[in-house]
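Work through the exercises below with the structure open. Try each task before reading its solution.

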Amino acid sequence: MFVEVALPVPLRQNFTYQVPEHLITKMQVGLRVKVPFGPRQQIGLITKLDITCTFDTAKVKNISIALDEEPLIPESLFILTLWAARYYFCSQGQMLSQALPVALRKGADAAPKSITQLQLSEVGQQADIKVLSRAPAQKKLFEQLSKKPLTIDEFNALEFSKAALKALEDRQWLIRQDIAISVDLSWRQQLTMNESGHKLNKQQAIAVSILNQQQGYHCTLVEGVTGSGKTEVYLNVLETVLKQGKQALILVPEIGLTPQTINRFKRRFDVHIAVIHSGLTDNQRLDAWRMARSGQAAIIIGTRSALFTPMAFPGVIILDEEHDSSFKQQEGVRYHARDLAVMRGHYEDIPVILGTATPSLESLQNALNGRYHHLELSERAGKAQMVQQGLIDIRSLPLKVGLSDALINEMRMHLDAGNQVLLFLNRRGFAPALLCHECGHLHECDRCDAFFTVHKGLNEIRCHHCGNDYAIPHQCHQCGSTMLMGHGLGTEQLEQALSEMFPKHPVVRIDRDTTRKKGSLEKQLHAIHKGEFKILVGTQMLAKGHHFPDVTLVGLIDVDGALFSADFRAPERFAQLYTQVSGRAGRADKPGKVLLQTHQSDNPIIRDIIKHGYHQFAKNQLTERSQALLPPVWHMLLLRAEAHNAQDADSFLEAVAQLLPQNKECEIIGPIPAPLDRKAGKYRRQLLFQTKSRVILQRAFEHALPLIEQLPEQKRCRWSLDRDPQDLM
């Protein structure tokens, strides 16, 4: 017997191996096998069984070992990965490896026998909780364990303190026990609710009713203004799905939104929740994967990579903030989780719900064409009112650290009333560049066409493109002067200035620099909800999906740069960002206000979004894209090439352009330099291939790809493919 094995290598083919006699009865499609590949052993998945072989059988190597008794992923997921491999022009092995947790790719056991559980000891059960009054983290964990034991997975998912765990163990109040794994499916017979749902408004009730009536595959776009209660709609739909004994997969764009989502779902449903995201260890992700696959986890919550998690009883897939570019993978296999989620729903015959306040133009076009159902929630939930919007034209106005007097006065009014204020600035660090005050030299990264960002707290200058960093220099690299200063404004500088400007009101900064430690983001968000901080400064991390009931004023400090990007998606991104950020204001019963500071008050994009709102703006953008023959009306494939010598990258893409058709239905743009021409010491070039339909693009490129791989020019550069690119930078 012979088998075809898909290996996680970039070669777009599968590899044939012979099956030793003692393994023949075990062979099935979908099993992991260890095979010799060159000098090493690789782990791959069987994609085909055959009794004949087209190669010289004497040269065909044997399988070393079979790692599983049964296929790891269900047939529907297997078909999805094969479809995705063809769609994204990558090898089946690369795509199948995306569908398995890292621990399984390394050969871990897919079905272990025991799991560690934390529970109170006899001493702990008799203990007095008052002893922990000065140790809130220990008290929180103790209270949780008093209700019920926790598995290590649940402990990690809820992000309890490891120091608190050790302290309770030292007191001998807590013990770890290895318990035999038994799959608990009791939730399928009797769903226990921890709380009843909130009263729905008319629009929410209609949406829930329509979604609950859908049987089999349907894709529905739920377009609800920020604060319209989309999560409450999801929870009501989930209740129906879970009562039918089916599982739900919830995808969120960023790790930062998972604790909030988990807590909201745990408050409502007394079921196991599996959490999958890149912040977990390999073993934690594997445990969550096992719970989902066995059916023990009724709800699976995760970021992009959780899309491929198998479900024993698939019921529904929900993508929250579907417009978010984080759903698109930007390295390796550049798949889009939203598009694959829709295909997965199709193959598993279950409904898919895409929720957002600012739909991507791709989803909106599908909704307007009738390919997706379209539900709109235009009212805010509860007593929340729509926010008041205002423009501050800062041309020729004096600014204090980027803030106009009008914005500062407005902040003072809201803070004096006991409310919170959120300031959005999408630029982390102290300043975006280091400037010599004497000769005007801006310190540029020696490996990229970009300036160093100043991080004063870390005492370093860092390139945000390649990670290159140095200690802040004392002298100018050009003239030797010591008169160096930060040029421009970053969140670190804004936080420092606001602390001096408003000494009575504590300031918190939330960006990638302040949330590096595990659990730090959740700690900061918890403190914001308790009212410990009055002024919130942050980047995009604060803009998405968070619910801050006391925030009544939102200020956007410096977003003009987003209007002049080289990327055709920039207006769409700006409108989404503006709408999402302004949606953080006035989410409870307090009225909210959003102020946009700009030098471009006459800009038609700004005028359009403020006057007509996102939905009408997006429709206008679709008309423009249609006239310009740009996605989503036409379909795009982006080829990137990078080399130490720019000519090598150019020569390769010029040779590729000769192999692609160019006519009324196909267009080639390039080769052209990428907007960031040099990155990490390499020159970057791009070639855009656009076609009128997906089918034309698929056929043309499938025909050209084997020829491209034989070009001698490809050996002198690194190149990659990006289908439906979200970022042209």
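The model is predicted. In the first exercise, β29 covers residues 635-643, and its pairing with β32 is antiparallel.

**Exercise 1. The sheet around β29**

Task: Find how many bridges join β29 and β32, then place the two strands in their sheet.

Solution.
- Step 1. Count the bridges: β29 and β32 share 6.
- Step 2. Pick out one pair. Arg640 has Ser720 of β32 as its bridge partner.
- Step 3. Widen the view. The open sheet has 4 strands, ordered β30-β31-β29-β32, with antiparallel pairing.
- Step 4. Look at the edges. β30 (666-679) and β32 (718-723) each have a single partner strand, so one side of each lacks a neighbour in the sheet.
- Step 5. Check the twist. On average, neighbouring strands are turned by 20° against each other, direction ignored.
- Step 6. Add the helix. α21 (residues 694-709) packs on this sheet and touches β29, β30, β31 (682-691) and β32. The direction of α21 makes about 165° with that of β32.

**Exercise 2. Cysteines and disulfides**

Task: State how many disulfides a search of the whole structure finds. Then explain why Cys448 has no bond to Cys466.

Solution.
- Step 1. The search returns 0 disulfides.
- Step 2. Recall the chemistry. A disulfide covalently links the sulfur atoms of two cysteines.
- Step 3. Apply the cut-off: the two sulfurs must lie within 2.5 Å.
- Step 4. Test Cys448. Its closest cysteine sulfur belongs to Cys466, at 3.6 Å, which is too far for a bond.
- Step 5. Test Cys463. Its closest cysteine sulfur is also in Cys466. The distance is 3.8 Å, again too far for a bond.
- Step 6. Note the burial. Cys448 has 1% relative accessibility and counts as buried. Cys463 has 1% relative accessibility and counts as buried too.

**Exercise 3. Ser582 and its surroundings**

Task: Decide whether Ser582 is buried or exposed, and list what Ser582 contacts beyond its sequence neighbours.

Solution.
- Step 1. Locate the residue. Ser582 sits in helix α18 (residues 570-582).
- Step 2. Buried means under 20% relative accessible area. Ser582 has 7% relative accessibility, so it counts as buried.
- Step 3. Set aside neighbours within four places in sequence. Ser582 then contacts Val387, Val554 and Val594.
- Step 4. Follow the side chain. It reaches the backbone oxygen of Tyr578 at 2.8 Å.
- Step 5. Compare sequence with space. Ser582 and Thr226 are 356 residues apart in sequence, yet their C-alpha atoms are 8.4 Å apart.

**Exercise 4. How α18 meets α19**

Task: Give the packing angle of α18 and α19, and how far apart their axes are.

Solution.
- Step 1. Choose the descriptors. Packed helices are described by the angle and the distance between their axes.
- Step 2. Read them off. α18 and α19 (residues 604-628) pack at about 145°, with axes 10 Å apart.
- Step 3. Assign the hand. The crossing of α18 and α19 is left-handed.
- Step 4. Name the contact residues. On α18 they include Phe574 and Tyr578; on α19 they include Ile606, Tyr614 and Phe617.

**Exercise 5. The buried face of α16**

Task: Identify which residues of α16 are buried and what they pack against.

Solution.
- Step 1. In α16 (residues 491-501), the buried residues are Thr491, Glu492, Gln493, Leu494, Ala497 and Leu498.
- Step 2. Their packing partners include α15 (405-416), β19 (420-424) and β26 (535-538).

Technical notes
Residues numbered from 1 in each chain as written. Predicted model: local features only at pLDDT ≥ 70, side-chain atom pairs only at ≥ 80, totals over all residues. Heavy atoms only, no water. Pairing = 2+ DSSP bridges. Axes fitted to C-alpha atoms, helices over the stretch in contact; angles between N-to-C directions. Contact = heavy atoms within 4.5 Å. Buried < 20%, exposed > 50% of the residue type's maximum accessible area, 1.4 Å probe, protein only. Polar contact = N/O pair within 3.5 Å; in protein donor to acceptor, adjacent residues only side chain to side chain. Left-handed = near helix turned anticlockwise from the far one by under 90°.
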